[in-house]
Amino acid sequence: MDEMEEELKCPVCGSFFREPIILPCSHNICLACARNILVQTPDTESPQSSRASGSGVSDYDYLDLDKMSLYSEADSGYGSYGGFTSAPTTPCQKSPNGVRVFPPAVPHPSQHHLLQHPGSLHPFPRNSCITCPQCHRSLLLDDRGLRSFPRNRVLEGVVDRYQHSKAAALKCQLCEKSPKEATVMCEQCDVFYCDSCRLRCHPPRGPLAKHRLVPPAQGRISRRMSPRKTSTCTEHELENLSMYCVQCKTPVCYQCLEEGRHSTHEVKALGAMWKLHKGQLSQALNILSERAKEAKEFLVQLRNTVQQIQENGVEFEACLVAQCDALIDALSRKKTQLLSRVNTEHEHKLKVVRDQISHCTVKLRQTTGLMEYCLEVIKENDPSGFLQISEALIRRVNLTESQWGKGTLTPRMTSDFDLTLDSSSLLQTIHQLDFVEMKVPAAPMLQLEDCCTNNNSATLSWKQPPLSTVTVDGYILELDDGNGGQFREVYVGKETICTVDGLHFNSTYKSRVKAFNASGMSQSSKTLIIQTSETGLPPCDIATGMSVSLYAY
């Protein structure tokens, strides 16, 4: 019953309805709140000429009321009366429910005597208007004021039962400060008493001795089971409502039928219409109940979707981390390989240069020794001795000089590394790394009405599910070997119909279809059992009901 609580609260004050009245638009409002949102209209607007109360309109028609409305639809029924130059602007306030309402109108000095009777329902200015806080329809009141609107006793009873059901414990109704828990209830007084208040206010003597005191819980039940009060006519307060006007769609009394405006209208018995409307409401509630059941199932589905989203989010996040880690690991391995190549090139260059340095060092030492020796020979003054060795020394010097001239002084290795890492394409790929929006296709649906066999050939047809919007690049048709073996591909392409020839006569084959795109492969369709015909039989399909069986499971 907690969901019903908002239905039992006034749209103006936000509290439970107290003495609710029914406006002609079928909305309810507290009587006190109706007094608070009354607005006085200019005296030039005659209530007799544009009366729109519950008794002034035979059949509540929004089109007629729109003509009498003091506001335009664009104004939503709230704000100041800017259309009347003689009417002062009335400031508005907001109720606890967020509804904009007008404060009580300040009465004219000539009407102060009316305010001396708080219980009267007629202390209102002559030309008063009330605007429904829910549908924003504005109505001019007649001379009876708010008494022209019927009181919603059914709503009062529902509010009373709801409040009693929500009360944790019944409280004493006569305690002045903090009410104590009630111990008894007097059925005649209809009052709950605690022990002290019962002894003080309801002594068991005199006329009170005949009153029946019951436990509070039993008193609550007796209150609910007490006969309902008979509603009286709003126009004839001494008459009970006994008939129902079909044209005005409102209960009426006998005096209304004899003297009032309902005398020419079609009327029916109140009890019969009560049962009829109860039946109509029950039927509407049954339909609404089905919608509520569907809504509950839908909410369960949504909650399961939320849980599935959370689970899929964790799984997808783990998959993403694993994919990125794999990329990082592959890049790390490639880095190790490239560094190894650089180190190899580095060692090779050093070895070549060092070997050349060693070779040149040895050669230079030999050349320097030969030069020093030749200089010492030149210093000798013995011509015969010099001539004996000069020829050989000249050949050695020329030979040594020629050895230095054959590229010996050219570096065999440069200091630059000729390796250049081309990472631009990889960086571009990394920058373009993103999620693929395309999803894996749904499993195809076999079209049994279009599938048929013809001797030892079979024609299969399929399609994507109706609500599927995923792009499909192609389909794969698979058949087994007719003996329950493994499936094998017999067709790959974009067509949705395929004829397979060369099957064995009088054999049973299993077939299925898959869809694929760039994101992957779908699940397999339902397996279709194909029973080929006997030798030479005419073609038949699944619709014929002949011996050839063709069905899916």
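Visitor: How do you know at what angle helix α7 lies across β11, β12 and β13?

Guide: Helix α7 (residues 270-378) runs at about 85 degrees to β13, where axes are lines fitted to C-alpha atoms, for helices over the stretch in contact (heavy atoms within 4.5 Å), and angles run from 0 to 180 degrees between N-to-C directions. Helices (H or I, at least four residues) and strands (E, at least two) are DSSP runs, numbered from the N terminus. This is a predicted model, in which local features need pLDDT (the predictor's confidence in each residue, from 0 to 100) of at least 70 and side-chain atom pairs count only at pLDDT 80 or more, while totals for chains, interfaces and linings use all residues. Residues are numbered from 1 along each chain as its sequence is written, and side-chain values use heavy atoms, with hydrogens and water left out.

Visitor: Why are β12 and β13 called edge strands?

Guide: The open sheet has 3 strands in the order β12-β11-β13, with antiparallel pairing. Both β12 (250-252) and β13 (267-269) pair on one side only, and neighbouring strands of the sheet are turned by 40 degrees against each other on average, direction ignored. Strand β11 (residues 243-245) counts as paired with β12 because 3 bridges join them, whereas pairing requires that DSSP finds at least two bridges. Within this antiparallel pair, Cys245 has Thr250 of β12 as its bridge partner.

Visitor: What is the disulfide status of Cys248, and which cysteine sulfur is nearest?

Guide: Cys248 is in no disulfide, since the nearest cysteine sulfur, that of Cys245, is 3.6 Å away, and a disulfide is a pair of cysteine sulfur atoms within 2.5 Å. Across the whole structure the search finds 0 disulfides.

Visitor: Is Cys248 buried or exposed, and how is Cys374 classed?

Guide: Buried means under 20% relative accessible area, exposed over 50%, partly exposed in between (1.4 Å probe, protein chains only). The relative accessibility of Cys248 is 11%, so Cys248 counts as buried; Cys374, with a relative accessible area of 14%, is therefore buried as well.

Visitor: What makes Glu19 noteworthy in its phi, and Ser26 in its own?

Guide: Most residues other than glycine have a negative phi. Glu19, in the segment before β1 (20-22), has a positive phi of about 50 degrees although it is not a glycine. Ser26, in the loop between β1 and β2, is likewise not a glycine and has a positive phi of about 80 degrees. Glu19 is called partly exposed because its relative accessibility is 38%, while Ser26, at 57%, is called exposed.

Visitor: Which residues have the most contacts inside the largest nonpolar core?

Guide: A nonpolar core is a set of buried Ala, Val, Leu, Ile, Met, Phe, Trp, Tyr and Cys residues joined through side-chain atoms within 4.5 Å. The largest one has 23 residues, and those with the most contacts inside it are Cys10, Ile21, Leu23, Ile29, Ile130, Leu146 and Phe149. At least two residues of this core come from each of β2 (28-30), α1 (31-36) and α3 (153-166). Another core, of 17 residues, lies apart from it and includes Tyr475, Leu477, Val513 and Ala515.

Visitor: Where is the confidence lowest, and where is it highest?

Guide: The mean pLDDT of the protein chain is 78, with 77% of its residues reaching 70 or more. Confidence is lowest in helix α2 (residues 62-68), at a mean of 37, and highest in strand β17 (residues 474-479), at 94. Over residues 102-124 the pLDDT is below 50, although this stretch has 38 contacts in the model beyond near neighbours in sequence. Where pLDDT is low, the predicted coordinates should not be read in detail.
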